[in-house]
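Subject: Structure handover

Hello,

Here is the structure I promised to pass on. Please open it beside this note, and read on for what I found.

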Amino acid sequence: MKRIATMILITVMAISLLAGCTEKQSDSAASLPDATEKQSDSTTSISTPDEVYTIRVSTGLSQIQMETIPQGVALQAFLDNVEERCEGRVVFDVYPDGQLGSKPEQYIGGCQNGAFEMATVNCAQWASYTDAFMAMNFPFLFSTSKVARGLMDGPYGDKVKEKVLEDTGLTLLMMADTGFRDLTNSIRPIKTPEDMKGLKIRVMSDPYQIAAMESLGAVATPLPYSEVFTALQQNLVDGQENPLATILTAKFHEVQKYLTLTHHSYSFYAVAINTDYFKSLPEDIQMIMLEESYNAEQLSNEVQEKLFQDALTELKKTLEVYELSPEEFNAFKTVAMSSWTTAQEAMDPEMYDLLMSEVERLEKS
């Protein structure tokens with residue numbers, strides 16, 4: 001029944017997208033060669049074997065990450081499966097490693113203005129454009145990945161997609177799991193909130209992520225991801241927080257000493273497409289993309305636990321690892337909840353109420 005309901009939802013999404021949306025202007029992104037696809041104002045166009053739709057994708061993921069971390073594996077599966085099912089009518093032209101710009105405004109802005117058709121952006125980096133992903137800014141909110149994934153697969157996830165479309169004019173195809181974020185540092189083991197005091201911790205450039213880290217007594221230091229390894233190596237910052245698979249792939253463990261499994265935040269990775277372009281595609285291709293987006297989301301959740309365990313095994317070889325007990329987790333949560341007010345005040349009250357009621361329901365199920 002859940003699968004049937006999901007397919008009905010996908011069908012409704014495809015039909016609703018044909019009704020149109022408001023386009024918002026944004027900063028220009030890097031220039032690209034013209035795509036070879038044909039774009040049309042008609043929403044009922046029918047493709048022929050001679051029509052090929054080239055979809056340009058801007059992502060900060062590297063080719064290695066598309067094979068080794070959950071969101072990368074999910075994205076690659078989506079691209080491969082859509083191309084296979086469309087039998088040559090769709091070709092993805094991927095620009096990895098932030099080749100077209102590594103800042104949120106370059107990913108989101110470029111997708112809005114049509115410099116490229118698709119972009120992938122960590123959900124925490126949308127704050128300047130929408131508050132749709134505010135759920136990610138409540139530290140220690142989720143106890144398990146099942147609860148986090150269930151939230152995005154249910155009515156709250158539907159509201160997130162509606163909010164992204166309303167605020168940015170982009171269609172959110174996918175929210176792939178990246179998994180729980182954990183903490184490394186080079187100074188001391190972290191076992192209590194008091195151990196966090198004074199540590200310079202690299203965070204993403206997001207006011208709510210900064211507030212969450214500061215609530216624990218750390219000195220939150222925003223830095224681009226591309227600068228993190230050097231900053232750790234040169235002791236410009238003491239530590240950082242990321243999913244374990246990312247820590248391993250980026251080799252942060254080579255310049256850190258301690259790892260604490262704080263599970264303080266659960267991250268998702270958004271894959272968005274320019275809505276006007278999406279509506280210009282034949283309806284059967286739109287449906288295939290929506291279906292494969294859902295499949296890729298489920299895949300990301302399935303593989304993230306295995307990749308977490310694999311990464312943990314490797315990281316234990318070089319790092320001193322400490323796992324919080326449930327009581328210790330709650331001690332961190334109690335302190336960090338002082339930052340929840342900031343995120344709550346920035347949310348639509350109905351969205352906040354839905355978030356908390358859904359998390360409560362999923363925690364009990």
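Which residue stands opposite N122 in strand 8? The residue is Y269. Keep in mind that this is a predicted model.

First, the overall picture. The chain has 365 residues, and 55% of them are buried. Its secondary structure comes to 14 helices and 9 strands. About 15,700 Å² of the chain is exposed, with 51% of that supplied by carbon and sulfur atoms. Now the contacts between residues at least 6 apart in sequence. Of these, 76% join residues at least 24 apart.

Next, strand 8. This strand covers residues 258–274. It is mostly covered, with 16 of its 17 residues buried. Three strands are joined to strand 8, and I take them in turn.

- Strand 3 (residues 118–122) runs antiparallel to strand 8, and 5 bridges join the two. The N122 and Y269 pair belongs here.
- Strand 4 (residues 170–185) also runs antiparallel to strand 8, with 13 bridges between them. Here M175 stands opposite A270.
- Strand 9 (residues 320–323) runs parallel to strand 8, joined by 4 bridges. In this pairing, L259 of strand 8 stands opposite V321.

One general point helps when you look at these strands. In a regular strand, side chains alternate between the two faces of the sheet.

Now helix 5, residues 145–153. This helix is mostly covered too: 7 of its 9 residues are buried. The buried ones are S145, V147, A148, R149, G150, L151 and M152. What do they pack against? Their partners include two strands already mentioned, strand 4 and strand 8. They also pack against helix 6 (155–168), helix 11 (283–315) and helix 14 (349–364).

Last, a single residue: M337. Where is M337 found? It lies in the loop between helix 12 (326–336) and helix 13 (340–345). Why does M337 count as partly exposed? Its relative accessibility is 36%, and partly exposed means between the 20% and 50% cut-offs. M337 and L141 are 196 residues apart along the chain. Their C-alpha atoms are separated by 9.1 Å.

A good place to start is strand 8, then helix 5, whose buried residues pack against strand 8. After that, turn to the loop that holds M337.

Best wishes

Terms used. Residues are numbered from 1 along each chain as its sequence is written. This is a predicted model: local features need pLDDT of at least 70, side-chain atom pairs count only at pLDDT 80 or more; totals for chains, interfaces and linings use all residues. Side-chain values use heavy atoms; hydrogens and water are left out. Buried means under 20% relative accessible area, exposed over 50%, partly exposed in between (1.4 Å probe, protein chains only). Two strands pair if DSSP finds at least two bridges between them. Contact means heavy atoms within 4.5 Å. Accessible areas come from the Shrake-Rupley method with a 1.4 Å probe; for residues, only the protein chains shown count as cover.
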